[in-house]
Amino acid sequence: MSLTHLNTRGEAHMVDVADKPESRREATASGHIQMKPETLALLSEGGLPKGDVLATARIAGIQAAKRTHELIPLCHALALSKVSVDFNLDEQNSRVEVVATCRLNGRTGVEMEALTAVSVACLTLYDMCKAVDKDMEIGGIHLDAKQGGKSGDYRRQEGPVAAPIVTGEGAAGQVSVGSRCDIDSACVRVKFLAELRERLGVSDITVPLDSLPSTDVGGLKSVLVKRDPRFAQLSEGRVLCAVNQVMALDATPITNDDEVAFFPPVTGG
Amino acid sequence: MIRVQEAPFDAGVEQQRLLAGRSDIGAVVSFTGLVRDFNERPDITALTLEHYPGMTEVALGEIVTQAEARWPLQGVRVIHRVGRLTPGDPIVLVVVASAHRRAAFEACDFIMDYLKTRAPFWKKEHSITGDYWVAERESDYRDASRWESENDEIP
């Protein structure tokens, strides 16, 4: 993966698209402008001093898409075959969502045009409403999808929402499904939860049962420390342990396929 | 009834459900815990609640069973939220119904004290000056120990 707008000397240059085949290109981008509920109400009733806000913002977005090459230095001037700008008044989140789609048959992608349309439509919404609300905030501008071209189709994956949570390679917002042992011999599955997971930088590991000097929690701890001295933390301070989701002590026995979790003192409620 | 969920809850609706069709209940006590905008640091913008699915439900179930063994209860509801919450959001709901108020008050207090020290939930607070995991509190353990006698199991 390289940056196509840089040449071999690292200088900015415009990509020569003369030899690229023409294909049907389409891109959709979206963003939003957050505002006070009162402002949104005025906007939907047409009660704002500058008049029809959405119609103006739509024209602004379309005009901006056509002039993207004047704003973004290395963009080509494109003969767009279609630009649409749509608005969705989201009362629940008190904001206007802006979606723009650009299309052409040509040699370059149109995602910059769609992103520019969204940006300028949002700016125009700000301009049209600023008399009554200066706290508005523009955000979340991103490419949703693009089709056509050499790099192929793209569709944005929604990131994991911060949600119920246990482990998952240290990332918050992940639930790790209790995986089976990933090795053939007898083993234990070890999980590290919450702050301990972040401190150790690991959420799940599998330990062969026959590597334990004694088949109990204490034996597991000692084999972990041998693997990495940082696991000495498991015996320091207040680190709790559960075997198959039941609170356990160092002397608690472990058998094949047990799930052993280490975690800090609980802080719910 | 025990629920661990991301969605908000309505304490009024939950209490009505607990009482629906019952005329033997003489007292109902409801506790709702909320996200504060100050805790270890003054400017908390959000918190993320993590839990240990499976163990959480079992732990809450055991706490409710213990409460039912100590007091004559006619219904208990515990709802705990997980995920990202912002100040003012409800986190936890405990509704306890009994024939008499004393049992309902005490059982509700007991369930919250045990929940805070025994159910596998962890809070990470997000503040303007950074994120951090909330530390356990001595006072929570003192509160929980009020209910302990010699023959109780201590984790």
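Thr68(A) touches Cys75(A), Met112(A), Glu113(A) and Thr116(A), leaving aside residues up to four places away in sequence. Here contact means heavy atoms within 4.5 Å. Thr68(A) sits in helix α3 (residues 68-71) of chain A. Thr68(A) is buried, at a relative accessible area of 0%. Buried stands for under 20% relative accessible area, exposed for over 50%, and partly exposed for what lies in between (1.4 Å probe, protein chains only).

This is a predicted model, in which local features need pLDDT of at least 70 and side-chain atom pairs count only at pLDDT 80 or more, while totals for chains, interfaces and linings use all residues. Residues are numbered from 1 along each chain as its sequence is written, chains are lettered from A in the order in which they are written, and side-chain values use heavy atoms, without hydrogens and water.

**Chain A**

Chain A has six helices and 10 strands. Helices (H or I, at least four residues) and strands (E, at least two) are DSSP runs, numbered from the N terminus. The other totals are tabulated.

| Property of chain A | Value |
|---|---|
| Residues counted as buried | 44% of 269 residues |
| Contacts (separation of 6 or more) from residues 24 or more positions apart | 62% |
| Exposed area | about 14,100 Å² |
| Carbon and sulfur share of exposed area | 52% |

The accessible areas come from the Shrake-Rupley method with a 1.4 Å probe; for residues, only the protein chains shown count as cover.

**The interface with chain B**

On chain A, 25 residues are in contact with 32 residues of chain B. The two chains bury about 2,400 Å² between them, and carbon and sulfur atoms give 60% of that area. Val266(A), Thr267(A) and Gly269(A) lose the most area to chain B in chain A, together 29% of what that side buries. Buried area is the accessible area (1.4 Å probe) that two parts lose on being put together, summed over both.

The rule finds three salt bridges across this interface. A salt bridge puts a side-chain nitrogen of Lys or Arg within 4 Å of a carboxyl oxygen of Asp or Glu. The side chains of Arg238(A) and Glu136(B) form a salt bridge at 3.3 Å, N to O.

On the side of chain A that touches chain B, α5 (194-200) and β10 (259-263) each supply at least two residues. The largest share, four residues, comes from α5(A). By type, that side divides into 14 nonpolar, five polar and six charged residues. Ala, Val, Leu, Ile, Met, Phe, Trp, Tyr, Cys and Pro count as nonpolar, Asp, Glu, Lys and Arg as charged, and the others, Gly among them, as polar.
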